[in-house]
Amino acid sequence: MSISRGSGDAPGFTHLYLREEQVRSTYESLLLAWRELEAISDARLRDEKLGAAHHRVLFLVSTHPGCTMSDLLRRLNISKQSLNRVLQELVARAYLEQRNSEQDKRLRLLFLTPKGHAVENAVFDALRERMTMAYRDVGGQAVDGFRRVLASLQSESVPL
């Protein structure tokens, strides 16, 4: 990808505004990076006959054990019907289990099974390896800046 620079676009120069070309270039870079990471995870998921939707649920339940379907709906911003289909398949195939909450018996909490942990760990290990290489290439200051940009792009109304 070619990124043209104007006279005020020197590396490290702090912008109070961005030109449309810079925003478009950044968005394209995000799309290409996502494609790369998705290809890595797809390669690991293919053997289990799982897709990206399954992976997103496995990842979030791994990161937030005991979350509820409502938590996932808020975080993923998908329809209840779509999420329910994925959850039912993951439970039926013994990747996830649902347990009643001890505090509120109406709540069904989601947890990975050992099989679910194994798949999620295999996928995440591959992703971590690729992301760690990228982080090492750019250094700590760039990583911190990237995290802040990503945090700022996220809606504040979807904590898990």
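**Close-up views of a predicted model**

The structure holds one aromatic pair; to pair, rings of Phe, Tyr and Trp (its six-membered ring) must have their centres within 6.5 Å, and planes under 30 degrees apart count as stacked, over 60 as edge-to-face and the rest as tilted. This is a predicted model, where local features need pLDDT of at least 70, side-chain atom pairs count only at pLDDT 80 or more, and totals for chains, interfaces and linings use all residues. Residues are numbered from 1 along each chain as its sequence is written, and side-chain values use heavy atoms, with hydrogens and water left out.

**View 1. The whole chain shows six helices and two strands.** Helices (H or I, at least four residues) and strands (E, at least two) are DSSP runs, numbered from the N terminus. Following the sequence, you meet them in the pattern α-α-α-α-β-β-α-α. The chain has 160 residues, and 26% of them count as buried; that label means under 20% relative accessible area, while exposed means over 50% and partly exposed is in between (1.4 Å probe, protein chains only).

**View 2. His54 sits in helix α2.** Is His54 buried or exposed? His54 counts as buried because its relative accessibility is just 8%. Its side chain joins that of Glu89 through a polar contact of 3.1 Å. For such a contact, a pair of N or O atoms must lie within 3.5 Å; within protein, one must be able to donate a hydrogen and the other to accept it, and residues adjacent in sequence count only if both atoms are side-chain atoms. Setting aside neighbours within four places in sequence, His54 is in contact with Val86, Glu89 and Leu90, where contact means heavy atoms within 4.5 Å.

**View 3. Here, charged side chains meet rings, with Arg99 over the face of Phe111.** Arg99 lies 3.9 Å from the ring centre of Phe111. Over at Tyr95, the charged end of Lys115 sits above the ring, 4.6 Å from its centre. A charge sits over a ring if NZ of Lys or CZ of Arg is within 6 Å of the ring centre and within 35 degrees of the ring normal.

**View 4. Lys49 has a positive phi, near 60°, without being a glycine.** Look for Lys49 in the loop between α1 (20–46) and α2 (52–63). Lys49 counts as exposed because its relative accessibility is 68%.

**View 5. Ala94 also isn't a glycine, and its phi is positive at about 65°.** You'll find Ala94 in the loop between α4 (80–92) and β1 (96–100). With a relative accessible area of 37%, Ala94 is partly exposed.
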